[in-house]
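User: I am new to this structure and would like to learn how to read it. Can you take me through it feature by feature?

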Amino acid sequence: MPRSPVLFPLLLLLLPPLALGLGLRGAGGRRPQCGPCRPEFCPALERCPAPGIAARDECGCCVRCLGAERARAAEGGPARAAAGLVCASRATGAAPEGTGLCVCAQRGTVCGSDGRSYSSVCALRLRARHAPRAHPGHLHKARDGPCEFAPVVITPPQSVHNVTGAPVYLSCEVRAVPTPVVTWRKVTQSPEGTQVLEDLPGDHINIAVQVRGGPSDHEATAWILINPLKKEDEGVYQCHSANAVGEAQSHGTVTVVDLSQYKAPRFPAPDDHM
């Protein structure tokens, strides 16, 4: 039976809606249902939760978070799968797979070949997937754990002043990997005029030093307390931190007002006039 000459034009008319229903991409890699790009109608994007990164959507128009942990399973499917994120329902048996929240299958901070620390290997894979690449494998995991870096003083000690007999303290916060050793020193000068660093507390019974981790990961906070304050405690104090990568220091000044130099005025007693 000969084919009808009307069949071919009819197939051409049916192909566009068929492709639309199947979600096939059109020319240029854009989906037909995307339509014109109107950035002013895109939802506002504040900050992507780790390990998600900002990237264009399938239509190449709006910027959204791709593969972010704790995101809904329906969001960023291809990027999510490539990064190693897995999604499951909130409660076992409560909903089918893919309707819950996404988490990285391999937990733990990793160090990238770019010298940056990533919250998980998923975050690193997402960055490698969407960052401009010079060659395949340009960004990869260098090792487990955060990247090492020299100490950085986050909060330097503030200069203080008080009177003799009163307490004063200085504090500083430092960030580094591996964890730094933080010490306090007093900066003085020798008779020859050269700088001398005196480790504290030393023999000073009125000085106490304390160091503890925090307040955030890979940070250390150090305090020095001087109580009671003496005139000879006046000077410059150094917060010094060091690890295997490098060192850093910051300074604060303590100014002391000697109360013994100020004598209170004596008022005559009432009996002195009699």
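Analyst: What follows goes from the overall make-up to the sheet, the cores and the disulfides. Keep in mind that this is a predicted model.

User: How many helices and strands does the protein have?

Analyst: There are three helices and 16 strands. The protein has 274 residues, and 31% of them are buried. Its accessible surface is about 17,800 Å², with 57% of that belonging to carbon and sulfur atoms.

User: What share of the contacts comes from residues 24 or more positions apart?

Analyst: Among contacts with a separation of 6 or more, such residues account for 51%.

User: How do I read a sheet, and which strands form the open one here?

Analyst: The general idea is that strands of a sheet pair through backbone hydrogen bonds, either parallel or antiparallel. Here four strands form an open sheet, and reading across it gives the order β8-β10-β14-β13, with antiparallel pairing. β8 and β13 each have a single partner strand, so they stand at the edges and one side of each is left without a neighbour in the sheet. From one strand to the next, the twist averages 20 degrees.

User: How many bridges hold β14 to β10, and how many to β13?

Analyst: β10 and β14 pair over eight bridges, in the antiparallel sense. Strand β13 (residues 207-213) pairs with strand β14 (residues 219-226) over seven bridges, also antiparallel. L225 in β14 shows both pairings: L225 is the bridge partner of Y169 and of A208.

User: What lies between β13 and β14?

Analyst: Five residues separate the two strands, which form a hairpin. In the turn, G214 has a positive phi of about 110 degrees.

User: How should I look for a core, and which residues have the most contacts inside the largest one?

Analyst: In soluble globular proteins, nonpolar side chains tend to be buried together. The largest nonpolar core in this model has 17 residues, and W184, I224, Y237 and V254 have the most contacts inside it. At least two residues of this core come from each of β10, β11 (181-189), β14, β15 and β16 (247-257). There is also a second, separate core of nine residues, including V110, C122, A128 and L139.

User: Which residues does I224 touch, leaving aside its neighbours within four places in sequence?

Analyst: I224 is in contact with V168, Y169, L170, W184, L200, I207, A208, V209 and Y237. Two of these names, W184 and Y237, also appear with I224 among the residues with the most contacts inside the core.

User: How do I recognise a disulfide, and how many are there?

Analyst: Look for two cysteine sulfur atoms within 2.5 Å. By that rule there are two disulfides. One joins C111 to C147, with an S to S distance of 2.0 Å. This link is right-handed, with 100 degrees about the S-S bond. It connects distant parts of the chain, 36 residues apart: C111 is in strand β5 (residues 110-112), and C147 is in the loop between β7 (141-144) and β8 (149-155).

User: Where in the chain are the cysteines of the other disulfide, C172 and C239?

Analyst: The sulfur atoms of C172 and C239 are 1.9 Å apart. C172 lies in strand β10 (residues 168-177) and C239 in strand β15 (residues 235-242), 67 residues apart.

User: Are the cysteines of these two links buried or exposed?

Analyst: C111 and C147 are both buried. The cut-off for buried is under 20% relative accessible area. C172 counts as buried because its relative accessibility is 1%, and C239, with a relative accessible area of 1%, is buried too.

Technical notes. Residues are numbered from 1 along each chain as its sequence is written. This is a predicted model: local features need pLDDT of at least 70, side-chain atom pairs count only at pLDDT 80 or more; totals for chains, interfaces and linings use all residues. Side-chain values use heavy atoms; hydrogens and water are left out. Buried means under 20% relative accessible area, exposed over 50%, partly exposed in between (1.4 Å probe, protein chains only). Two strands pair if DSSP finds at least two bridges between them. A nonpolar core is a set of buried Ala, Val, Leu, Ile, Met, Phe, Trp, Tyr and Cys residues joined through side-chain atoms within 4.5 Å. Contact means heavy atoms within 4.5 Å. Axes are lines fitted to C-alpha atoms, for helices over the stretch in contact, and angles run from 0 to 180 degrees between N-to-C directions. Accessible areas come from the Shrake-Rupley method with a 1.4 Å probe; for residues, only the protein chains shown count as cover.
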